[in-house]
Amino acid sequence: MGKKKTLGQSGNPEPEDSSPGTTSGYPEPWADIPLPPYSFSQFGGPPGTLSMPVPPPLNCPPGLEHLILIDQLLVQQQVEILEAITGFETNNRYEIKDRLKQTIYFAVEDNDCCTRNFCGYNRPFTIKILTLSGQEIIILKRPLRCNSCFFPCCLQKIEVQAPPGVPIGYVSQTWHPCFPKFSVQNENRKEVLKVIGPIMVCNCSANIDFEVKSLDKGTVVGKISKQWAGFIKELFTNSDNFGIQFPLDLDVKMKAVMLGACFLIDFMFFENTGLQRPKIGIW
């Protein structure tokens, strides 16, 4: 026999139990399923706030999700003790951090001994950018090119690949007799941004800014800054610190290409190898 319904004071049947987890007396199918512990702090929100994760853009290469909600990066070159003592050039290593100074990537140069020590700052290189788990997500390739404004036909450039083997952009030096200038291009070699440095690239107790500008050169949208690290560190080591600023809504691929521009500028103007000293200009 069915359950006898209880009559209320008005003579009408009392409603079924509608406590949480039931609908018309029947348990909700999702009532006992725990919500996943998504933390919006992973995507730039306040820590401890629960939210569904923001899916990455469809054209975001794997591993670049960290760059989606980032408008500033810090690139810190690690001090090499053997290089500081002997002057023997070793492969450069870097940490890439967000604006909270939390490490999000590592970068390592992959080069042979002869190329590093005989070609100096003009050397071609391959730099691998890795996640904290060691996965290669970005490859930077710089060919052997001329590093002087007297030879405008063979200027510096760097190719950015993400994932490895898939070009997503290029940074090419633009010839100018006085100012260091660069063109930031997408995978189709279409120019997206311009980078323009000062007429005298001399690191004397102050930051050196390379402005990132729009195509019409009328708007400064970011910058690449060589940060002064202190007299002792600048004099006796080859460890450089850079800050990169770009628009928050910039395409994530172009944010990775801006990393390539930073490394190219580092090697062209601030790499100190053996008897070679950093240049004070584009000469």
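The expected span of a helix is 1.5 Å times one less than its number of residues, a handy yardstick for the first close-up of this predicted model.

**View 1. Helix 4 from end to end.** Helix 4 covers residues 252–270, 19 residues in total. From its first C-alpha to its last it reaches 27 Å, close to the 27 Å expected at 1.5 Å a residue. Have a look at what surrounds it, too: 19 of the 19 residues of helix 4 are buried, so the helix is largely enclosed by the rest of the structure.

**View 2. The N-terminal cap of helix 4.** Here we move to aspartate 251, which caps the N-terminal end of helix 4. One of the side-chain oxygens of aspartate 251 lies 2.8 Å from the backbone nitrogen of lysine 253.

**View 3. The largest nonpolar core.** This core has 50 residues, and Leu64, Ile129 and Ile224 are those with the most contacts inside it. Helix 4 supplies the largest share of the core, 15 residues. As a general backdrop, nonpolar side chains tend to be buried together in soluble globular proteins. Take leucine 64 as a guide: leaving out residues up to four places away in sequence, leucine 64 touches Tyr105, Ile137, Ile138, Ala162, Val252 and Ala256.

**View 4. Isoleucine 244 in strand 14.** Strand 14 spans residues 241–245, and isoleucine 244 sits within it. The relative accessible area of isoleucine 244 is 0%, so this residue counts as buried. Apart from neighbours within four places in sequence, isoleucine 244 is in contact with Asp71, Gln72, Leu73, Val75, Lys223, Ile224, Met258, Leu259 and Cys262. For another landmark, find phenylalanine 210: its C-alpha is 9.5 Å from that of isoleucine 244, with their positions 34 residues apart along the chain.

**View 5. Threonine 115 in helix 2.** Helix 2 runs over residues 113–119 and includes threonine 115. Threonine 115 has a relative accessible area of 15%, which is under 20%, and therefore it is buried. Its side chain makes a polar contact of 2.8 Å with the side chain of aspartate 112. Setting aside neighbours within four places in sequence, threonine 115 is also in contact with Gly120, Arg123 and Pro124.

**View 6. Confidence along the chain.** The mean pLDDT of the chain is 78, and 67% of its residues reach 70 or more. Over residues 18–52, the pLDDT is below 50. Beyond near neighbours in sequence, the stretch 18–52 has 27 contacts in the model.

Definitions and conventions: Residues are numbered from 1 along each chain as its sequence is written. This is a predicted model: local features need pLDDT of at least 70, side-chain atom pairs count only at pLDDT 80 or more; totals for chains, interfaces and linings use all residues. Side-chain values use heavy atoms; hydrogens and water are left out. Helices (H or I, at least four residues) and strands (E, at least two) are DSSP runs, numbered from the N terminus. Buried means under 20% relative accessible area, exposed over 50%, partly exposed in between (1.4 Å probe, protein chains only). Contact means heavy atoms within 4.5 Å. pLDDT is the predictor's confidence in each residue, from 0 to 100. A polar contact is a pair of N or O atoms within 3.5 Å; within protein, one must be able to donate a hydrogen and the other to accept it, and residues adjacent in sequence count only if both atoms are side-chain atoms. A nonpolar core is a set of buried Ala, Val, Leu, Ile, Met, Phe, Trp, Tyr and Cys residues joined through side-chain atoms within 4.5 Å.
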